[in-house]
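This report covers the main pocket, the salt bridges and the annotated binding-site residues of one protein chain. Please read it beside the sequence and the structure.

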Amino acid sequence: MSEIQKNVEAASEKYSSGFTKGHLALPPAKKYLVLTCMDARIDPAQAFGIELGDAHVIRNAGASAQDALRSIVISQQLLGTQEIVLVKHTGCGMLTFTNEDAYALVDKNLGPDATAEAKSRNLDFLPFPEVDSAVESDVKYIKATKLVPDSVAISGWVYHVESGKTSRVV
């Protein structure tokens with residue numbers, strides 16, 4: 001067992017020994033979802049005031065609305081969320097490369113078969129050159145899709161990893 005796996009096991013034992021929230025309902029109590037980046041410097045519960053059972057938290061590279069759409073639809077249509085809070089962040093890795101760069105890394109590190117598979121799947125790594133405009137673009141993407149009702153409140157934010165503050169963009 002790896003050290004990471006041992007840590008997961010030990011943390012689970014400690015957490016479950018005092019766990020008292022098993023009664024929480026499946027749908028989020030506050031009927032909203034947060035879409036944010038998978039960056040390890042973001043603690044959504046702490047940074048955005050989310051208690052266990054309050055909200056769905058969807059995380060992916062760059063807080064991509066396109067990548068998260070399946071989860072957004074499930075959250076809303078099956079579990080009743082009625083608001084979306086999209087949060088990207090400063091210093092995001094998605095600012096540091098292009099699709100061409102990502103394909104070159106796949107080819108170098110994983111080989112031509114992996115590159116061919118990525119291309120056959122039309123894999124878009126969804127990088128972006130600027131945070132605020134990427135927030136605006138993703139909010140527009142969500143508002144434009146027929147898979148999210150017009151009645152859903154949608155806001156877009158930037159979390160500043162340097163200070164821990166979050167500022168509204170749209």
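## Pocket, salt bridges and annotated site

The lining of the largest pocket is made up of five nonpolar, four polar and two charged residues. The model is a predicted one. The space in this largest pocket comes to about 180 Å³. Its lining consists of Gly62, Ser64, Gln66, Lys88, Leu126, Pro127, Phe128, Ala134, Ser137, Asp138 and Tyr141. Helix α6, which spans residues 131–144, gives the most to this lining, with four residues.

Lys88 and Asp138, both in the lining of the largest pocket, also form a salt bridge, with their closest N and O atoms 2.9 Å apart. This pair links distant parts of the chain, as lysine 88 is in strand β3 (residues 83–89) and aspartate 138 is in helix α6, 50 residues apart. Lysine 88 is buried, at a relative accessible area of 2%. Aspartate 138 is also counted as buried, at 12% relative accessibility.

How many salt bridges does a search of the whole structure find? The search finds five, and the table gives three of them.

| Salt bridge | Closest N and O atoms |
|---|---|
| Lysine 30 and aspartate 54 | 3.7 Å |
| Aspartate 39 and arginine 41 | 2.8 Å |
| Lysine 88 and aspartate 138 | 2.9 Å |

Which parts of the chain does the salt bridge between lysine 30 and aspartate 54 tie together? Lysine 30 lies in the loop between α1 (3–17) and β1 (32–37), and aspartate 54 lies in the loop between α2 (44–48) and β2 (55–60), so the pair ties together parts that are 24 residues apart in sequence. Lysine 30 is exposed, with a relative accessible area of 53%, whereas aspartate 54 is buried, with a relative accessible area of 8%. The cut-offs explain these two labels: buried means under 20% relative accessible area and exposed means over 50%.

In the salt bridge between aspartate 39 and arginine 41, the aspartate is buried, with a relative accessible area of 15%. Arginine 41 has a relative accessible area of 45% and is partly exposed. This value falls between the two cut-offs, under 20% for buried and over 50% for exposed, so the residue is given the intermediate label.

Aspartate 39 also appears in the annotation. An unreviewed UniProt entry lists Cys37, Asp39, His89 and Cys92 under "binding site". These residues are spread over 56 residues of sequence but cluster in space, with a largest C-alpha distance of 8.8 Å.

Two of the listed residues can be described further. Aspartate 39 is located in the loop between β1 and α2. Apart from its neighbours within four places in sequence, aspartate 39 is in contact with Arg59 and His89. His89 is itself one of the residues that UniProt lists for the site.

Cysteine 92 is in the loop between β3 and α4 (99–110). Is cysteine 92 buried or exposed? Cysteine 92 counts as buried, at 4% relative accessibility. Leaving aside neighbours within four places in sequence, cysteine 92 is in contact with Cys37, Gly62 and Phe128. Among these contacts, Cys37 is listed by UniProt for the binding site, while Gly62 and Phe128 belong to the lining of the largest pocket.

Definitions and conventions
Residues are numbered from 1 along each chain as its sequence is written. This is a predicted model: local features need pLDDT of at least 70, side-chain atom pairs count only at pLDDT 80 or more; totals for chains, interfaces and linings use all residues. Side-chain values use heavy atoms; hydrogens and water are left out. On a 1 Å grid over the protein atoms alone, a cavity is a set of points where a 1.4 Å probe fits but cannot get out, and a pocket is an open set with protein on both sides within 12 Å along at least five of seven lines; lining residues have an atom within 4 Å of a point. Grid points are joined across faces, edges and corners, and a volume is the space filled by probe spheres set on the points. Helices (H or I, at least four residues) and strands (E, at least two) are DSSP runs, numbered from the N terminus. Ala, Val, Leu, Ile, Met, Phe, Trp, Tyr, Cys and Pro count as nonpolar, Asp, Glu, Lys and Arg as charged, and the others, Gly among them, as polar. A salt bridge is a side-chain nitrogen of Lys or Arg within 4 Å of a carboxyl oxygen of Asp or Glu. Buried means under 20% relative accessible area, exposed over 50%, partly exposed in between (1.4 Å probe, protein chains only). UniProt positions are given in the numbering used here, feature names are shortened, and annotations may be inferred rather than shown by experiment. Contact means heavy atoms within 4.5 Å.
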